[in-house]
Amino acid sequence: MGQLEGKVAVVTGGSAGIGAATARRFALEGATVFVTGRRQAELDTVVKAINAQNARGQAIAVRSDVSSLEDLDRLYTRVGDHSGRIDVLFANAGVAELARLEDVSQDHFDRVFGINVRGLLFTVQKALPLLSDGASVILTSSIAASKGVEASSVYSAAKAAVRNFARTWAVELAGRRIRVNAVSPGPIETPLFSGIVADPAQGTDFRDALLAGMPLGRLGDPDEVAAAALVLATDASSFTTGAEFFVDGGLAQV
Ligand code: NAD
């Protein structure tokens, strides 16, 4: 038996990186996974690869931008028509853009908060009617929410908001036995992370400096975040809600 046999899952930001790895893991564990993101072609590639793996479950691509309420409505209509409920919601879509305080513009603020905070809030709010009693909601925060990171004030604040959504919603939704937890990755090798490394705002030795400060001496793999999301998705974490699960090689502790 897969750990998510017969479950219905939604993964936002599933066309790359952590979301794609988690969608694959959930499907391998037996879930029907609605994989969402902004770019249809990339989504189709991810879903095709998952379904070619003889997963116990299946993956279904739905193009949906979390910053569009119409897209979210369309997504949940599709999920409702197909499966009638959601057992696991991985609200993971996010963007990381860097700017030192003196360079922060209103556009930068609106983009980073618009996707990471506003988009995530409505992703969860609009899922409420479909969430089954006892469902698991997992929000992707970041180690940046609890550490000073150069040129990251807006991103860090946005991810701290996400971490605190988990606290509040854990309490608000406990009556339906819905658990809400945050997963906080450290540096994980994904397209988003490559973009940060290439950003001149971080300086040229960013990657080497980061590696030198990693307690486990390496960067993380998206599959390692997927493994943590799986724990939060299943009854292995049945008494855990409002918590933060660091997947960061120990970086938050130094
Ligand atoms: P990624 O860029 O590789 O993938 C992000 C996914 O989100 C992509 O599929 C992208 O298309 C999607 N996305 C972006 N904006 C969207 C929108 N408006 N609507 C729908 N989908 C959208 O990034 P990743 O590294 O896999 O990051 C996933 C999450 O993990 C993000 O929330 C990110 O902030 C967080 N995170 C990543 C790291 C890291 O080191 N990679 C560290 C901490 C937190």
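Two residues are in contact if their C-beta atoms, placed from the backbone, lie within 7 Å. The model described here is predicted.

Helix H4 comprises residues 106-127. The cover over its buried residues includes strand E1 (8-11), helix H3 (69-83) and strand E4 (86-91). Strand E5 (131-140) and helix H5 (153-172) are also part of that cover. The buried residues of H4 are Val112, Ile115, Asn116, Gly119, Leu120, Thr123, Val124 and Ala127. H4 has 22 residues, so at 1.5 Å a residue it should span 32 Å. The C-alpha atoms at its ends are 29 Å apart, which agrees. The helix also bends, by about 45 degrees, at Gly114.

Leu121 belongs to H4 as well. This residue counts as partly exposed because 17 other C-beta atoms lie within 10 Å, whereas a buried residue needs 20 or more. Leu121 and Val66 are 55 residues apart in sequence. In space, their C-alpha atoms are 9.2 Å apart.

Helix H1 (17-28) is enclosed to a large extent by the rest of the structure, because 12 of its 12 residues are buried. Among them are the glycines Gly17 and Gly19, the alanines Ala20, Ala21, Ala23 and Ala27, and the arginines Arg24 and Arg25. Ile18, Thr22, Phe26 and Leu28 are buried in H1 too. From first C-alpha to last, H1 reaches 17 Å, close to the 16 Å expected at 1.5 Å a residue. Gly30 follows H1 and has a positive phi, near 105 degrees.

H1 also takes part in the surroundings of the ligand. The ligand is surrounded by 28 residues. The closest are Gly13, Gly17, Gly94, Thr190 and Leu192. Three elements give two or more residues to this shell: H1, H4 and helix H6 (191-198). By class, the shell holds 13 nonpolar, 13 polar and two charged residues.

The largest nonpolar core contains 75 residues. Val35 and Leu89 have the most contacts inside this core. Leaving aside residues up to four places away in sequence, Val35 touches Val11, Gly14, Ala23, Leu43, Val46, Val47, Ala59, Ile60 and Ala61. One of these partners, Ala23, is a buried residue of H1.

Helix H8 (residues 222-233) has 12 residues. The distance from its first C-alpha to its last is 16 Å, close to the expected 16 Å at 1.5 Å a residue. Its buried residues are Pro222, Val225, Ala226, Ala228, Ala229, Leu230, Leu232 and Ala233. The elements covering them include H1, E4, E5, strand E6 (179-185) and strand E7 (244-247). E4 and E5 also appear in the cover of H4.

Two loop residues other than glycine have positive phi values. Asn54 has a phi near 55 degrees. Asn54 is placed in the loop between helix H2 (40-51) and strand E3 (58-63). This residue counts as exposed because it has 7 C-beta neighbours inside 10 Å. For Ala151, phi is near 60 degrees. Ala151 lies in the loop between E5 and H5. With 21 C-beta neighbours inside 10 Å, Ala151 therefore counts as buried.

Terms used
Residues are numbered from 1 along each chain as its sequence is written. This is a predicted model: local features need pLDDT of at least 70, side-chain atom pairs count only at pLDDT 80 or more; totals for chains, interfaces and linings use all residues. A nonpolar core is a set of buried Ala, Val, Leu, Ile, Met, Phe, Trp, Tyr and Cys residues joined through C-beta atoms within 7 Å. Helices (H or I, at least four residues) and strands (E, at least two) are DSSP runs, numbered from the N terminus. The expected span of a helix is 1.5 Å times one less than its number of residues. The bend at a residue is the angle between axes fitted to the seven residues ending there and the seven starting there. A residue is near a molecule or strand if its C-beta atom, placed from the backbone, lies within 6 Å of it. Ala, Val, Leu, Ile, Met, Phe, Trp, Tyr, Cys and Pro count as nonpolar, Asp, Glu, Lys and Arg as charged, and the others, Gly among them, as polar.
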